Amino acid sequence: RRQERLQELKDELGDSILTAQLDVRNRAAIEEMIANLPAEWRAIDVLVNNAGIVDYNPINWVSAETFRRIMDVNVTGMFLCCKAALSGMLQKQSGAIVNVSSMWGRVGSSCEVAYSTSKAAVIGLTKALAKELGPSGIRVNAVAPGVIQTDMVKNVAPDVLEELRQETPLELLGTPKNVADAIWYLASPEAGFVTGTLLDVSGGFVM
């Protein structure tokens with residue numbers, strides 16, 4: 001998402017990594033990115049759909065445009081990335097897709113109606129695709145993070161974050177690595193008999 005961070009990864013890892021920056025709402029850009037991959041990388045093994053935006057407002061303050069933008073990034077973008085990646089997976093009859101939902105997609109969050117709706121849709125998309133693609137050897141799962149220390153919560157008041165930490169049974173706020181480890185598991189051969197599941201990564205905030 002940040003060009004400077006992408007360049008840092010390139011400098012660190014060299015030719016073992018390719019980077020691209022694009023808008024997941026842009027179908028042509030996604031398809032072009034995959035078409036420009038080296039031939040040996042074009043049959044994607046694992047797709048992680050992690051793009052997401054949020055809006056913190058009561059519904060009366062949420063415009064139709066804001067609602068549509070959140071749905072387009074959080075859901076339509078995921079749909080488009082799945083479609084673009086599936087060609088190679090279907091040819092190989094194998095692959096893993098991991099979608100990032102949220103605990104608010106399970107239970108809803110006050111003043112986050114658009115975000116909660118989008119993340120609930122991610123769960124539905126995951127389960128439907130798992131049923132559809134299972135016979136082709138493709139697994140589709142999702143993670144449901146809780147309160148994670150990322151840019152998405154940087155504007156949340158410290159006292160509110162502290163209340164959320166105290167409400168979490170493990171009495172911790174999550175880290176990006178906590179979520180990454182769960183994604184790694186679902187994408188790995190160790191989860192070879194796991195599909196259509198939603199793995200909670202909220203420290204027990206939602207059970």
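These legends walk through several close-up views of a predicted model.

**View 1. Helix α7 and its buried side.**
Let's start with a quick check on helix α7, which runs over residues 176–187. With twelve residues at 1.5 Å a residue, α7 should span 16 Å, and its end C-alpha atoms are indeed 16 Å apart, so the two values agree. Now look for the buried residues of α7: they are V179, A182, I183, L186 and A187. These residues cover an arc of only 135° around the axis, which means they sit on the same side of α7. Here is a handy bit of background: an α-helix has 3.6 residues a turn, so residues three or four places apart point the same way.

**View 2. What lies on either side of α7.**
What covers the buried residues of α7? The cover includes β1 (46–49), β2 (95–100), β3 (138–145) and β4 (198–201). Now turn to the face of α7 that points away from the buried side, and you will find the exposed residues K177 and W184 there.

**View 3. V194, in the loop after α7.**
Follow the chain into the loop between α7 and β4, and you come to V194. Is V194 buried, partly exposed or exposed? Its relative accessibility is 22%, so V194 counts as partly exposed; the cut-off for buried is under 20%. If you set aside the neighbours within four places in sequence, V194 is in contact with R139, N141, Y185 and L186. V194 and V140 are 54 residues apart in sequence, yet their C-alpha atoms are 8.3 Å apart in space.

**View 4. Helix α3 and its bend.**
Helix α3 covers residues 64–92, which makes 29 residues. At 1.5 Å a residue, α3 should span 42 Å; its end C-alpha atoms are 41 Å apart, which agrees. Where does α3 bend? The spot to find is L86, where α3 bends by about 45°. Just after α3 comes Q93, whose phi is positive, near 60°.

**View 5. An aromatic pair, W104 and F205.**
Search the whole structure and you find one aromatic pair. The partners are W104 and F205, arranged edge-to-face, with 5.8 Å from centre to centre and 80° between the planes. W104 lies in helix α4 (residues 103–107) and F205 in the segment after β4, so the pair ties together parts that are 101 residues apart in sequence. W104 has a relative accessible area of 18%, so W104 is buried.

**View 6. A salt bridge between distant parts of the chain.**
How many salt bridges are there? The count comes to seven, and one of them joins the side chains of R2 and D151, at 3.8 Å from N to O. R2 sits in the segment before α1 (3–13), while D151 is in the loop between β3 and α6 (158–167), so this pair links distant parts of the chain, 149 residues apart. Both ends are partly exposed: R2 has 38% relative accessibility, and D151 has 42%.

**View 7. Two more salt bridges, E8 with R5 and R25 with D23.**
In helix α1, the side chains of E8 and R5 meet at 3.1 Å, N to O. E8 and R5 are three residues apart, so about one helical turn separates them. E8 is partly exposed at 42% relative accessibility, and R5 is partly exposed at 35%. The side chains of R25 and D23 also form a salt bridge, at 2.7 Å from N to O. R25 is partly exposed, with a relative accessible area of 39%, and D23 is partly exposed too, at 34%.

Technical notes. Residues numbered from 1 in each chain as written. Predicted model: local features only at pLDDT ≥ 70, side-chain atom pairs only at ≥ 80, totals over all residues. Heavy atoms only, no water. Helix = DSSP H or I, 4+ residues; strand = E, 2+ residues; numbered from the N terminus. Expected span 1.5 Å × (residues − 1). Buried < 20%, exposed > 50% of the residue type's maximum accessible area, 1.4 Å probe, protein only. Arc of directions from axis to C-beta. Contact = heavy atoms within 4.5 Å. Bend = angle between axes of the 7 residues up to and from the residue. Phe/Tyr/Trp six-rings, centres within 6.5 Å; stacked < 30°, edge-to-face > 60°. Salt bridge = Lys/Arg side-chain N within 4 Å of Asp/Glu carboxyl O.
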